Every structure is written in structure tokens, then in C-alpha cells.
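Here are my notes on this one, written with the domain boundary and the ligand site in mind. Have the model open while you read.

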Amino acid sequence: MSKTIPVHRNQYIDVTFEDLTHDGAGVAKVDGFPIFVPGGLPGEKANIKVIKISKGYGFGRMEELLQRSTFRVEVTETEAHKYGGCQLQHLSYEGQLEYKENQVRQVLTRIGKLENVKVHPVLGMDNPWHYRNKAQVPVGERDGKLISGFFKPRSHEIVDTNESLIQLPEVNEAIQTVKEICSELGIKAYNEETHKGVLRHIVARFGKQTGELMVVLVTRTSDIPHKSKLVQEIADRLPNVKSIVHNINSKKTNVIFGRETSVLWGNEVIYDSIGGVKFAISALSFYQVNPVQTKVLYDKALEYAELTGQESVIDAYCGIGTISLFLAQKAKNVFGVEVVPEAIEDAKRNAELNGITNAEFAVGEAEKVIPKWYKDGNKADVLVVDPPRKGCDEALLRTILEMKPAKVVYVSCNPATLARDLRILEDGGYKTLEVQPVDMFPQTTHCEAVAKIELR
Ligand code: SAH
């Protein structure tokens, strides 16, 4: 049975927005037919133009805002604002936190079929701007000069900007300075179309607590022209720099890093600390991008683990061992597992650095290593998972259901896969007690949450 679509392409129509999608677009309904319009906020009325009709929904463009939401905030029309990946910047911060709380609630009900789970108000930031400790920007060329910044939406055209509103000032400055130096030395940008040129990405990482800066130059070629001059200039002009690293990526790909990494100057790592635990971070390892909120997130994970000092803990997807070492101080022992070998090297170094002797780390896929541990008799009392956006592998969830740790703490950067995985755990005998969203990514639609789960 096909229903007629009540709008047609290129039609202008007045609508009222009822909701926001998970990527921050306003949702209007015309006779029940949803139309997604970037920039619209719930409660607002607008005249829109219908741009595209797909099966079951359409897309529109805002033509004129007819009635404003009280949650709308004025946004300056700079390119940094327009293209900087801040999809929610036109929504007040209070509104953003409410949006994220609703997101979590909705997916828990819709995808997880979990009624009655306590979802707490989102823990937000006092100052929700300039928080990111890392940037990786693509480099291009215009009029013989290097440019870098953001891609225009749905394109590979680079918008040249030195100012990201969500990166720490030290990170913005590092990117800008390296770009200038490379420009002065006549280093060519990589060209995606011709697969020629040299410099693909500039990456900057900054330890907020220590003030240490790392610069990573990603190039297509194994040689960098004027390498020693380049390195000297970076070290001179960026006094915080402690590590300059070269990564070679000679492939035709969207993936940023290639296989080969070497240190050009200084240390292989920079250091940072969270809640008194010190961490070494190498160029390719995952490290949370919002240092202020990371502490809030980890404290919550620690609280939900309810450790007494007697527990054996497994930290799956452990990265450089951040959560593992946080928990090790309160547990009998911790076993961390992570797929990136460099991250595990960092994790081991980090345990040593902090004099923590009850944490062990293994390289491998969590879904393969943890079943092996279980077979060998290593049973956890508490299992922490912090998977990438796609969520936990099914094999890992099955192992959890067999192993039956008394508690599972699920740290998630994607509420939809969190809800999906919680359903599997519920069906296998676990109960989700509460969920605490933490705003790790203000101005964006990304949403982080920690769930406390117990064996029934
Ligand atoms: N808990 C860490 C890292 C979380 S990010 C922190 O808070 O910093 C998720 C991590 O999972 C990344 O380091 C990624 O490399 C790793 N990862 C991705 N797939 C994996 C898998 N199948 N098994 C183990 N680790 C994996």
C-alpha cells in the first residue's frame, strides 16, 4: 500500500519543527510525512523549500525563519562557524544538553526497548568552547599557498581557516604555525586527484595539564623537502613542542595515517594527566579529546564499578590504558585489551610511569582475547567496555553472558549501539540500572554516556 507524498520537490511550504534528528537537523511533518531541515529547532516555524524526496521522508532548506525558539542563539557567519563541524551551535548550551538527554532516552526506549531506566541529566561543561586537545586538518593549496581547515560539507573542498571554535587555542596556533612554515619553505600540498604533492595532514595534540605539544606531519612521500629546516623552525616557533613526528601515507585513501611512523625531533610521546594519573600519548594512539570532561566521565565509570579493592577488572577497548589505570588504584587487578599495538605500548609505559603494578595489557581484538582469557580461567568481577561507535562485537557480548561478571560498566560514544547492546545484555540476564550522559563534544551532535549494568 503506497501513501501519496504530500509535498513535491522545489515546493515552498510553511512548517513547524517538532524535533531534532540525531545529526541535528530540524524535523517538520507535513500530513505525517517527515522533512529534515538543517538549522531548524523544535517549536520554530519556518518557510522551507523542499530539496529532495526519498522513500518515507524528505529534505528541505530553510528559506525564512518565521518564529524563533527561545533556545536559539545568534551565530556569527564566519567560515569557522559555518563549516567547523559545530552542528548544534545555533542551539543554546542548555538546549544542547536537553537534546542529548532526550537522544539517550529515545534510543533506549526505541532501540533497546528499555523502559524505566534512569537517565540522568547530561553533565555539561562550564565553558563549552575551545575544548579539543587534538586537531587533524587536511592540507591543500590555493594560489601557491598552503591552506588547511575543514572540508565543506559533502565535498573535498578545503575551507582555509586558522580558527576552530572547539579546539584549544594552543592547538589552533600549532596548526597555523606549521602551515605557515611549510608554505614559506615551499612544501607542496598533497593533491587527492592527481595523487601528487607531499603534505597531506597536519596533526596537533596538546597535553592540557602539562602544556606539552606534539606535531605530526603526514606526507605521501618518504622524504620531506627542507626537512631539517622545517623541524628547526617548528621547534623554534612553537616553544611548547616536545615531539615532532613524521607519518608516511602513500596510499590513495581517506584514512589519515599510513603505516610508517618515525620521530623527527624530541620525544616519541607527549605526556598529560587526568586526575593525578600521568599518561604518555604517542602519535597514533587514541586519547580522549576533551580533557576536562574525560575526568568527569572516568569518575562516573569508577563510581559505577563500585570497587572495594578485591575485584578483578577487565577493561576492553582500553586504548592507552586510561580507564584501566584509573580503576587499578581501587581494584585487585586490571587486565586491559586493545587492538592498536602502539596504544598497548603506551599503556604499559603508563602503568610503569605511575608505579601501578596490578595492571596488565594485551594487544588484540577484545572479542578474541577476552574469550581466551575466560577459557584460561581469568574471570572478571567487573567488566568495563568503551568501544568505538559501532559498539561491542557480538562475540564479546556472548562471552560476557557466559562469564557473568557481577557488574558491567559500558562507556559509549554512540547511544544507538549502546541501546542495541544493552538489549542483548538484558536478554541474557543483566539489568541496566542507570545511564549518565556526559557532554564530551559540545556544539556537536555527538553524545557520550556511561551505563551501570548488574547481573540480576
Ligand atoms: N578507553 C579508552 C579508549 C576508548 S576508544 C579511553 O577512554 O581512552 C576505543 C578504543 O577501542 C580505541 O583505542 C580503538 O583502537 C580500540 N578498538 C577498536 N576496535 C577494537 C577491538 N575489536 N578490540 C579491542 N580494541 C578495539
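1. The domain assignment splits the protein chain into domain 1 (12-69), domain 2 (98-126 + 290-455) and domain 3 (134-274); the bounds come from an automatic or database domain assignment. Keep in mind that this is a predicted model, where local features need pLDDT of at least 70, side-chain atom pairs count only at pLDDT 80 or more, and totals for chains, interfaces and linings use all residues. Residues are numbered from 1 along each chain as its sequence is written, and side-chain values use heavy atoms, with hydrogens and water left out.

2. On to domain 2 and domain 3: their C-alpha centres sit 32 Å apart. In contact terms (heavy atoms within 4.5 Å), 13 residues of domain 2 meet 6 residues of domain 3.

3. The two domains bury about 700 Å² between them, with 75% of that on carbon and sulfur atoms. Buried area here is the accessible area (1.4 Å probe) that two parts lose on being put together, summed over both. On the domain 2 side, P291, R349 and L353 lose the most area to domain 3, together 48% of what that side buries.

4. What about salt bridges between domain 2 and domain 3 – how many are there? The count is 0, taking a side-chain nitrogen of Lys or Arg within 4 Å of a carboxyl oxygen of Asp or Glu. Residue pairs in polar contact (both at pLDDT 80 or more) also come to 0 between domain 2 and domain 3; a polar contact is a pair of N or O atoms within 3.5 Å, and within protein one must be able to donate a hydrogen and the other to accept it, while residues adjacent in sequence count only if both atoms are side-chain atoms.

5. Now the ligand: 17 residues surround it, and Q288, Y298, E338, A366 and D386 come nearest (near means a heavy atom within 4 Å). Polar side-chain atoms of Y298 and E338 lie 2.5 Å and 2.7 Å from a ligand oxygen, respectively. For Q288, a side-chain N or O atom is 2.9 Å from an oxygen atom of the ligand.
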